[in-house]
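The following exercises invite the reader to examine a protein chain step by step. Each task is followed by a worked solution.

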Amino acid sequence: MSGLTREDIDYILRLVDGSDFEELTLEMGDLKLELRKAGAPAPLAPSAEPASTPRPAPAPATPPELTGEGLEVPAPLLGIFYHAPKPGAPPFVTVGDRVGPDSVIGIIEVMKLMNQVTAGVTGLVTEIVAPNGEMVEHGQTLIRVKPD
Amino acid sequence: MPRIARIFIANRGEIAVRVIRTARAIGIETVLGVSEADRDSLGARLADRAVCLGPAPASQSYLSVGAVIEAAKGMGCDAIHPGYGFLSENRDLAQACADVGLIFIGPSPDNLAAVGDKLTARGHARDAGVPLVPGATVATTEEAMRLADELGFPLLIKAVAGGGGRGMKRVDHAGELASQLDLAMSEAAAAFGDARVYIERLVTSGRHIEVQILSDGMQVLHAGERDCSIQRRYQKVVEEAPAPHLPDTLRAAILEAGCAFARHIGYRSLGTVEFLVDVAREEFYFLEMNARVQVEHPVTEEVTGLDLIALQIAIAEGQPLALSQDDIGLVGHAIECRLNAEDIGNNFMPSPGRVSDAWFPSLPGLRVDTHMQPGAMIPPHYDSMIAKLITHGATRAEAIARMRDALRVIRLEGVRTNAPLHAAIMEDAAFVAGGVDTTYLPDLLTRMDTTP
């Protein structure tokens with residue numbers, strides 16, 4: 001069997017995280033995986049959707065680009081996605097908010113059980129992708145976050 | 001009467017494809033719930049929509065009642081077909097469907113409770129006047145020892161909550177009772193979340209014969225019997241209909257006992273009542289009722305001409321059966337070989353991986369139920385059954401001859417399969433003579449090992 005599963009990549013990420021190395025390049029047949037730690041001097045964080053055009057060197061310019069780029073935060077389980085803790089309440093996050101790995105970005109309801117969803121990354125929210133109150137499947141993109 | 005417009009299929013593999021086939025034929029849309037490992041499966045492509053329930057491990061996808069219910073509702077489905085295995089006999093799913101207004105294409109929660117637990121099912125069998133193998137439930141080694149003294153060895157330990165052969169242990173003498181009991185209880189706890197076990201006398205020379213039940217709640221019909229005696233470690237390998245060399249009086253008694261059990265519990269759906277049959281003594285014992293479509297349902301379809309999935313859907317819609325017992329006739333003989341991705345030369349180790357080539361051409365009397373095609377991935381997370389070859393002939397000999405042809409012609413490359421074992425069975429004199437019991441396949445494997 002060849003190829004890497006998501007679990008494999010998560011495992012490799014944990015290994016790299018716990019090591020002194022700043023980056024890792026892994027090549028297996030046709031597959032090439034490049035990982036760099038956040039804060040490492042590198043142009044791109046690991047992304048499921050590499051930018052199609054090379055981006056200019058990150059200038060310290062403001063405001064940050066809020067055009068729907070960045071990492072996709074996937075639904076950890078299937079259910080109904082809610083933007084806010086209860087109807088009428090302000091949403092957990094909006095575009096332009098800064099989130100950390102443990103920031104709650106929404107709730108997924110599965111048969112009346114509410115599951116908090118966290119961002120899992122540090123950065124700026126660039127897009128709320130999944131609509132409020134609708135079913136999301138496992139792995140569906142909920143929001144996008146531009147990592148620091 | 002509610003007509004189903006869109007079915008959510010909570011299963012995978014060949015049975016998902018089988019349900020899609022009938023749904024398309026009768027004009028019902030399908031949504032298939034898949035795990036991450038099955039996103040590119042044939043079923044996912046054939047269904048009108050596929051939705052990812054969760055990660056590859058079944059506990060987080062195919063066994064998640066919550067994900068299945070939310071997905072079915074979110075996709076606008078009005079019914080759930082559970083296939084076999086996974087949640088097919090799960091009372092919680094059937095109840096959750098009832099609670100949210102979805103049609104469960106299967107029996108009622110009460111029916112599932114009546115048959116889901118071996119003890120309850122035995123109680124119903126006794127009340128229905130259906131014969132039982134002597135046995136009882138045990139909680140401790142001491143209780144097991146006392147029961148063993150009464151019953152005598154060999155014994156069979158079964159999980160109360162079990163099915164499909166998991167958690168079953170054979171015990172030949174008192175010395176191994178304690179260790180096998182521990183093993184059975186821990187397996188039962190791991191597989192079913194219920195460590196209770198049941199011990200019964202092992203009837204060593206028996207045939208496994210089961211009755212296909214069709215009931216709309218008013219009329220309980222049978223669609224004949226199937227012989228599933230060719231088993232390895234309680235897993236069926238070859239099935240056929242009708243059961244060969246079964247005396248007419250015994251056949252009639254078994255079919256009537258199956259119907260009596262289903263009538264007694266007020267069963268309404270497609271189901272199967274399994275019996276262990278001692279042909280020499282003309283005796284038979286109730287084993288269990290499976291409240292779902294069986295893997296081996298195609299042999300019944302081939303000899304009766306019925307579409308059992310279509311009937312199951314119609315019953316779930318609340319339609320009365322448009323059949324009487326006299327309308328169900330049997331024509332010829334059908335045999336099914338279960339092709340598993342396993343290495344028979346290496347102790348039947350599963351052989352997952354990518355299928356490089358898959359070719360199942362049409363042959364006279366051959367039906368293939370499969371989700372395999374070139375490039376298909378067989379994930380390591382699930383059952384190893386990847387295709388069912390079903391042949392039908394005017395006679396049993398013709399069905400066997402057609403199966404031999406099919407096994408020579410079809411190609412399934414890239415993974416190891418048990419096709420060579422099926423070829424050996426189809427050539428074996430005892431199988432060809434017909435009427436073998438459940439000791440047959442272990443014996444054949446021993447003979448194959450010792451034959452150079």
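**Exercise 1: A pair of helices late in chain B**

In this predicted model, B:Ile400, B:Met403, B:Arg404 and B:Leu407 of H12(B) meet B:Ala419, B:His422, B:Ala423, B:Met426 and B:Glu427 of H13(B). Determine how the residues of this contact divide into nonpolar, polar and charged, and state at what angle helix H12 and helix H13 of chain B pack.

*Solution.* Step one is to sort the residues: the contact of H12(B) with H13(B) holds six nonpolar, one polar and two charged residues. Step two is to locate the helices, with H12 covering residues 396–409 of chain B and H13 covering residues 419–427. Their axes lie 10 Å apart, and the packing angle is about 150°. Step three is to classify the angle: angles over 145 degrees count as roughly antiparallel, and H12(B) is therefore roughly antiparallel to H13(B). Finally, H12(B) and H13(B) form a left-handed crossing.

**Exercise 2: A second pair of helices**

Describe how helix H7 and helix H8 of chain B pack, giving the angle and the distance between their axes.

*Solution.* Begin with the bounds: H7 of chain B spans residues 141–151, and H8 spans residues 177–192. The two pack at an angle of about 120°, and their axes are 10 Å apart. H7(B) and H8(B) are therefore oblique to each other. As to handedness, H7(B) passes H8(B) in a right-handed crossing. The contact itself brings B:Thr141, B:Ala144, B:Met145 and B:Ala148 of H7(B) to B:Leu177, B:Ala178 and B:Leu181 of H8(B). Six of these residues are nonpolar and one is polar, while no charged residue takes part in the contact of H7(B) with H8(B).

**Exercise 3: The surroundings of a serine**

Where is B:Ser64 placed, and which backbone atom does its side chain reach?

*Solution.* First, B:Ser64 is assigned to the loop between strand S3 (49–54) and helix H3 (65–74) of chain B. Next, the side chain of B:Ser64 reaches the backbone nitrogen of B:Ala67 at 3.1 Å. Lastly, once neighbours within four places in sequence are set aside, B:Ser64 is in contact with B:Ala58, B:Ser59 and B:Leu87.

**Exercise 4: Backbone geometry in the loops**

Identify the form of the peptide bond from B:Phe153 to B:Pro154 and of the bond that joins B:Ala241 and B:Pro242, and give the phi value of B:Arg233.

*Solution.* Take the bond from B:Phe153 to B:Pro154 as the starting point: it is cis, with omega near -5°. B:Pro154 belongs to the loop between H7 and strand S7 (155–159) of chain B. The peptide bond of B:Ala241 and B:Pro242 is cis, with omega about -10°. B:Pro242 is found in the loop between strand S12 (235–241) and helix H9 (248–264) of chain B. Turning to B:Arg233, its phi is near 50°, a positive value in a residue other than glycine. B:Arg233 lies in the loop between strand S11 (220–232) and S12 of chain B.

Terms used
Residues are numbered from 1 along each chain as its sequence is written. Chains are lettered from A and ligands numbered from 1 in the order in which they are written. This is a predicted model: local features need pLDDT of at least 70, side-chain atom pairs count only at pLDDT 80 or more; totals for chains, interfaces and linings use all residues. Side-chain values use heavy atoms; hydrogens and water are left out. Axes are lines fitted to C-alpha atoms, for helices over the stretch in contact, and angles run from 0 to 180 degrees between N-to-C directions. Helices (H or I, at least four residues) and strands (E, at least two) are DSSP runs, numbered from the N terminus. Angles under 35 degrees count as roughly parallel, over 145 as roughly antiparallel, 65 to 115 as roughly perpendicular and the rest as oblique. A crossing is left-handed if the near helix is turned anticlockwise from the far one by less than a right angle, and right-handed if clockwise. Contact means heavy atoms within 4.5 Å. Ala, Val, Leu, Ile, Met, Phe, Trp, Tyr, Cys and Pro count as nonpolar, Asp, Glu, Lys and Arg as charged, and the others, Gly among them, as polar. A polar contact is a pair of N or O atoms within 3.5 Å; within protein, one must be able to donate a hydrogen and the other to accept it, and residues adjacent in sequence count only if both atoms are side-chain atoms.
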